[in-house]
Amino acid sequence: MGTMDGPVTSATPNGAAGLSRSDSCDSSGITRHLPGSSSTSLSLTPDFCPKPKGALAKTLAPGSNVPCEKTITRKECSMLSRLFAPKVKVSAHCDLPCGVYDPAQARIEAESVKAIQEKMAGNDDPHFQTRATTIKEQRAELAKHHVSVLWSDYFKPPHFEKYPELHQLVNDTLKALSAAKGSTDPATGQKALDYIAQIDKIFWETKKA
């Protein structure tokens with residue numbers, strides 16, 4: 001049997017001669033007219049036509065109606081992103097509660113506030129002042145948090161009965177820390193430390209009881 005010259009063609013399902021892979025087709029899958037051929041248009045096999053971009057592409061397994069390949073659309077991708085997005089995380093001192101409390105946590109933060117105030121007095125660099133102010137305010141807020149935790153989670157009604165000044169003492173401590181937060185005067189930091197020392201004294205007395 002002799003060989004044939006020219007591009008290899010494939011037959012379409014309706015038996016008409018197909019086009020070579022070098023021939024082109026439009027997005028509808030209908031072939032263009034071949035040079036020198038009749039005006040009859042031939043249907044090109046699906047494998048020769050490019051799949052439209054951004055559309056849902058499915059490929060059926062031979063002899064099956066079940067798609068074996070699927071391209072996720074942009075809408076579906078957006079829905080999945082929202083579904084698996086990280087949730088907001090919250091934290092607390094102790095959710096059990098664990099019973100581990102210590103005024104030293106508030107004292108250390110308040111000591112940081114006073115130390116920063118002292119450093120700010122000896123450094124006129126604007127960049128340093130900005131950074132120091134931010135850190136000082138953060139430390140003051142942490143100190144307030146630890147004092148508030150002692151008041152709300154540790155001290156119980158019997159403690160407030162034995163130390164009736166405790167409510168006012170906690171309030172004065174929080175106000176002193178707020179003042180130190182917005183001041184560069186180390187005296188405000190020391191005043192907050194003095195209040196925390198009084199809370200510390202009562203705390204350890206309750207631990208001994």
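In this predicted model, S183 sits in the loop that links α5 to α6. Its relative accessibility is 17%, and because the limit for a buried residue is under 20%, S183 counts as buried. Leaving out residues up to four places away in sequence, S183 touches Q117, K136 and T188. Two of these partners can be placed readily in the helices discussed below: Q117 is among the α2 residues that meet α3, and K136 is among the α3 residues that meet α5. The remaining partner, T188, belongs to the α6 side of the contact between α5 and α6.

It helps to set this loop in the chain as a whole. The chain holds six helices and two strands, arranged along the sequence as β-β-α-α-α-α-α-α. Of its 209 residues, 26% are buried. Among contacts between residues at least 6 apart in sequence, 53% join residues at least 24 apart.

The two helices flanking the S183 loop pack against each other. The axes of α5 and α6 come within 8 Å and cross at roughly 155 degrees; with angles over 145 degrees counting as roughly antiparallel, α5 is therefore roughly antiparallel to α6. The crossing of α5 past α6 is left-handed. On the α5 side, the contact is made by L166, L169, V170, D172, T173, A176, L177, A179 and A180, and on the α6 side by T188, G189, A192, Y195, I196, Q198, I199 and I202. Sorted by class, this contact has 12 nonpolar residues, four polar ones and one charged residue.

Helix α5 also packs against α3, at an angle of about 170 degrees and with the axes 9 Å apart, so α3 is roughly antiparallel to α5. Here K136, E137, A140, E141, A143, K144, V147, S148 and W151 of α3 meet H167, V170, T173, L174, L177, S178, A180 and K181 of α5. This contact comprises eight nonpolar, four polar and five charged residues.

On to the packing of α3 with α2: their axes lie 8 Å apart at an angle of about 160 degrees, and these two helices are therefore roughly antiparallel to each other. The crossing of α2 and α3 is left-handed. From α2, the residues Q105, A106, E109, A110, S112, V113, I116, Q117, K119 and M120 meet F128, Q129, A132, T133, I135, K136, R139, A140, L142, A143, H146 and V147 of α3. The contact of α2 with α3 divides into 12 nonpolar, six polar and four charged residues.

These helices come together again in the largest nonpolar core, a set of 23 residues in which L150, F155, L166 and I199 touch the most other members. The elements giving two or more residues to this core are α2 (104–121), α3 (126–154), α5 (166–181) and α6 (186–208). Helix α6 supplies the largest share, seven residues. I199 shows nicely what such a position contacts: beyond its neighbours within four places in sequence, I199 is in contact with V147, L150, F155, L169, V170 and T173.

A further residue of interest in helix α6 is E205. With 28% relative accessibility, which lies between the 20% and 50% limits, E205 counts as partly exposed. The C-alpha atoms of E205 and H159 are separated by 9.9 Å, although these residues are 46 apart along the chain.

Notes: Residues numbered from 1 in each chain as written. Predicted model: local features only at pLDDT ≥ 70, side-chain atom pairs only at ≥ 80, totals over all residues. Heavy atoms only, no water. Core = buried A, V, L, I, M, F, W, Y, C linked by side-chain atoms within 4.5 Å. Buried < 20%, exposed > 50% of the residue type's maximum accessible area, 1.4 Å probe, protein only. Helix = DSSP H or I, 4+ residues; strand = E, 2+ residues; numbered from the N terminus. Contact = heavy atoms within 4.5 Å. Axes fitted to C-alpha atoms, helices over the stretch in contact; angles between N-to-C directions. Parallel < 35°, antiparallel > 145°, perpendicular 65-115°, else oblique. Left-handed = near helix turned anticlockwise from the far one by under 90°. Nonpolar A, V, L, I, M, F, W, Y, C, P; charged D, E, K, R; others polar.
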